Amino acid sequence: MRTAYSVQTVRAAEQALMARLPEGALMQRAAAGLAAACADVLRRRGRVYGSRVVLLVGSGDNGGDALYAGARLARRGAGVRAVLTAPGRAHEGGLAALLAAGGRIADGVEGARGADAWGGHIDLVVDGITGIGGRGGLRPDAAELVRAFAATGAPLIAVDLPSGVEADTGEVLGEAVRADATVTFGTYKPGLLVDPAAERAGALHLVDIGLGPELPEVPELEVLQYADVAALLPVPGAESDKYRRGVVGVVAGSARYPGAAVLAVSGALRGGAGAVRYVGPGAGAVIARHPETLVHAGPPSKAGRVQAWVVGPGLGDGAQAAEAVRDVLATEVAVLVDADGLRLLDADAVRERAAPTVLTPHAGEAAALLGVPREEVEAGRLAAVRELAARYRATVLLKGSTTLVATDDPATPVRVNPTGTSWLATAGSGDVLSGLTGSLLAAGLAPRDAASAGAHLHGLAARHASDGSPVAAQDVAEAIPAAWRDVRA
């Protein structure tokens with residue numbers, strides 16, 4: 001499992017570790033890891049010896065890491081030039097080490113002016129302008145410098161995180177570096193895992209500097225890996241029947257959106273439900289596609305025994321739809337609310353439920369629930385998912401470029417799904433996710449685990465279905481068993 005910690009927590013852990021180490025040892029560990037990652041990039045592009053490396057160096061320890069790493073590369077025969085964004089305030093020890101190793105120095109103005117002339121000769125750019133303490137985007141002179149060297153086309157490695165992004169929130173509040181890779185130290189930071197900042201980090205490389213024992217047991221964020229998801233997935237035993245495996249009820253579809261019913265049921269069946277009970281106007285389309293489905297005219301509370309309900313995909317906004325949502329929320333089993341159901345739900349009814357509730361909005365739906373512009377949710381996804389979970393006393397799966405899962409307990413880490421793909425930006429894919437997650441709820445998974453595992457499988461299924469090409473939602477549903485096999489392999 002990957003974990004991420006806040007800046008405050010990382011700072012405290014670093015201080016505790018440095019108190020037991022010789023002065024400068026922690027920075028040397030970071031610099032060694034950074035230099036090794038840079039050397040690996042240079043070898044893939046040809047060789048380290050004789051390569052040209054530009055360091056963009058700020059005034060803090062982040063710049064010191066870059067300078068010491070540059071000194072290591074210079075001793076291996078690379079030509080290293082440090083461009084200082086704050087001449088006179090660069091890390092003294094790192095600056096001296098670079099000069100002693102044969103590196104050269106330029107200030108920011110000179111560096112920006114010379115970037116075009118060096119364009120055909122730069123093999124790597126290292127971003128050491130600001131570290132995890134940076135706030136509010138790049139300053140104008142630093143932004144100009146970054147643009148000048150980005151235009152050369154050389155690969156760019158960020159030190160700890162791309163300069164200009166917010167380490168704790170994943171927000172980008174101004175101009176920021178767009179890295180090909182980020183070398184981070186000790187632990188991941190939230191901004192490396194949550195968009196829009198995560199999209200600027202490129203490939204992530206974690207350097208172990210011995211920080212682990214100093215970090216608290218509970219992180220800010222978690223990212224489940226295959227083994228973590230495999231441990232959550234239900235596997236039927238010899239004595240299992242459809243009720244033990246879990247029966248999920250699906251209230252979805254309308255005259256306008258009959259396909260939503262089929263897609264939600266598809267996700268539930270492929271997600272391992274022992275049986276699916278469908279309630280809604282799309283019974284004919286559902287039975288034609290999935291004859292094993294149990295259908296009922298409604299209301300949902302009269303449809304028969306279920307362990308969880310999914311309500312909302314393609315439901316419409318009429319009186320019958322609103323009544324179906326109220327009926328489902330009044331039950332005593334876990335309920336997942338998606339799509340149209342989110343617009344129809346009563347916040348008090350959700351908060352007062354004794355059984356678990358899972359809400360699965362995209363950014364626009366989340367914005368409506370919070371009463372803020374969509375852009376605010378997209379810019380601050382972490383804050384939005386936490387606020388929604390707290391306000392509705394529910395587990396919230398916020399869909400998007402990075403899918404986040406939060407509970408109403410502020411001490412519980414938010415989970416980030418790593419398997420998403422842009423091919424999921426297609427009509428109906430959310431309906432499939434709802435059915436899939438509902439099947440895991442019905443199987444007995446806790447809401448947070450069901451939402452996390454559902455998002456993970458959903459992303460893997462999309463990758464299987466698309467193989468780099470356009471994909472439809474039904475294709476994603478059909479690929480869920482292949483995703484399941486991947487996780488358990």
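In this predicted model, the buried residues of helix 9 are Ala260, Ala261, Val262, Leu263, Ala264, Val265, Ser266, Gly267, Ala268 and Leu269. That makes 10 of the 13 residues of the helix, so helix 9 is largely enclosed by the rest of the structure. The helix covers residues 258-270, and its first and last C-alpha atoms are 19 Å apart, close to the 18 Å expected at 1.5 Å a residue.

What do these buried residues pack against? Two of the partners are strands, namely strand 10 (247-251) and strand 11 (275-279). The others are helix 10 (283-289), helix 17 (429-442), helix 19 (473-478) and helix 20 (480-488). After helix 9 comes glycine 272, which has a positive phi, near 100°.

Serine 439 offers a look at this region from another angle. This residue sits in helix 17, and its relative accessible area is just 1%, so it counts as buried. Setting aside neighbours within four places in sequence, serine 439 is in contact with Val248, Ala268, Gly271, Gly272 and Ala273. One of these, Ala268, is also on the list of buried residues of helix 9, and Gly272 is the glycine with the positive phi that follows that helix.

Now for the sheet. Its 11 strands run in the order 1-9-18-17-16-15-14-13-10-11-12, forming an open sheet with mixed pairing. Strand 1 (2-4) and strand 12 (294-296) are the edge strands, each pairing on one side only. From one strand to the next, the twist averages 20°. Strands 10 and 11, which sit side by side in that order, are the two strands that the buried residues of helix 9 pack against.

Elsewhere in the sheet, strand 16 (residues 395-398) and strand 17 (residues 404-406) run antiparallel and are joined by three bridges. Within this pair, valine 396 stands opposite alanine 406 of strand 17.

That leaves the nonpolar core. The largest one has 54 residues, and Val53 and Leu55 are the members that touch the most others. Helix 2 (residues 25-44) is the biggest contributor to this core, giving 11 residues. As for leucine 55, its contacts beyond four places in sequence are Ala66, Leu67, Gly70, Val80, Arg81, Ala82, Val83, Leu98 and Val126.

Definitions and conventions:
Residues numbered from 1 in each chain as written. Predicted model: local features only at pLDDT ≥ 70, side-chain atom pairs only at ≥ 80, totals over all residues. Heavy atoms only, no water. Helix = DSSP H or I, 4+ residues; strand = E, 2+ residues; numbered from the N terminus. Expected span 1.5 Å × (residues − 1). Buried < 20%, exposed > 50% of the residue type's maximum accessible area, 1.4 Å probe, protein only. Contact = heavy atoms within 4.5 Å. Pairing = 2+ DSSP bridges. Axes fitted to C-alpha atoms, helices over the stretch in contact; angles between N-to-C directions. Core = buried A, V, L, I, M, F, W, Y, C linked by side-chain atoms within 4.5 Å.
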